[in-house]
Amino acid sequence: MAPVEKQVTLVGVGHVFDISSQVKDIIATAQPDVVALELDRNRLQALLTPGEKRGNLPFFHTLLASLQERIAKKYGVATGSEMKAAAQMAEENAIGILCIDMDVSVTMNRLWRDIPLRKKVLFMLSGISSLFISKKRVEAEIASFETGPHTYLQEMQSTFPELYTILIEKRNQYMTSRLRHAVDMYDRIVAFVGEGHIPGMEDLLPDDEITVSVIHLSDLRTDKWKDKLPEPTPV
């Protein structure tokens, strides 16, 4: 008897865009065994129960969350709405949910500890200036990233190497490791992660036992994602 093919579909999302309906449609169409999310358990709980009080969050996390919320308002959505939609869709269809990201407090504490003071100031200033970026400029930046993601990430690595290592590289490795462990238990996995993680995870994940498919953020926003879903595995 031939071994069951393991399928992992990486879906690149943007936390500030209104793509919840596409996210739900992907889950409904793919019918995965488990939905993997770029969240830890605490962040998932915060999304699903927003009224509950949380403990003190790390400064960098608060700053980044504030920036995302400001940009999300330009699109008329709440930050993380696509992750919330994925979790709710999974629950409604009795599909498992797997949180694959490392704990946010660990990530942010590493940032605060490892980034030199000069880089912290530069990063905060660039963050403040981003509050005044127009929707048109955001769209231009997204388009630039989608046409050359590796170049964009290389520029980030060159300008903020510590930031890149902690926010992108280490988390790519961690989330890929979590997916590899999940493959031992599930045959079909759909993983929703930020588009910036797609190039690195796509390079790290494949092996002889795993078939990897990728749906980019641009596919979601232009409804081309249906062409990118893998064919269902024969029963």
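**Exercise 1. Determine which residue of β3 stands opposite A36, and place the pair in the sheet.**

Solution. Step 1: A36 faces L98, a residue of β3; strands here are DSSP runs of E with at least two residues, helices are runs of H or I with at least four residues, and both are numbered from the N terminus. The model is a predicted one, in which local features need pLDDT of at least 70, side-chain atom pairs count only at pLDDT 80 or more, and totals for chains, interfaces and linings use all residues. Residue numbers start from 1 along each chain as its sequence is written, and side-chain values use heavy atoms, with hydrogens and water left out.

Step 2: Four bridges join β2 and β3 in the parallel sense; pairing requires that DSSP find at least two bridges between two strands.

Step 3: The open sheet has five strands, ordered β3-β2-β4-β1-β5, with parallel pairing. β3 and β5 (210-215) each have a single partner strand, so one side of each lacks a neighbour in the sheet.

**Exercise 2. State which strands α1 lies across, and at what angle it runs to β4.**

Solution. Step 1: α1 lies across β1, β2, β4 and β5, and runs at about 165° to β4. Angles run from 0 to 180 degrees between N-to-C directions, with axes as lines fitted to C-alpha atoms, for helices over the stretch in contact.

Step 2: α4 also packs on the sheet, where it touches β1, β2, β3 and β4, and its direction makes about 160° with that of β2. Contact means heavy atoms within 4.5 Å.

**Exercise 3. Identify the residues with the most contacts inside the largest nonpolar core.**

Solution. Step 1: This core has 27 residues, and those with the most contacts inside it are V11, I26, I27, V35, L37, F192 and L220. A nonpolar core is a set of buried Ala, Val, Leu, Ile, Met, Phe, Trp, Tyr and Cys residues joined through side-chain atoms within 4.5 Å; buried means under 20% relative accessible area, exposed over 50%, and partly exposed in between (1.4 Å probe, protein chains only).

Step 2: α4 supplies the largest share of this core, five residues.

Step 3: Leaving aside residues up to four places away in sequence, the contacts of I26 include V11, F192 and L220.

**Exercise 4. Separate the buried residues of α2 from the exposed ones on the opposite face.**

Solution. Step 1: R43, L44 and L47 are buried in α2 (residues 41-48). These residues lie on the same side of α2 because they cover an arc of only 100° around the axis, the arc being that of the directions from the helix axis to the C-beta atoms.

Step 2: Exposed R41 and N42 are carried by the face turned away from the buried side.
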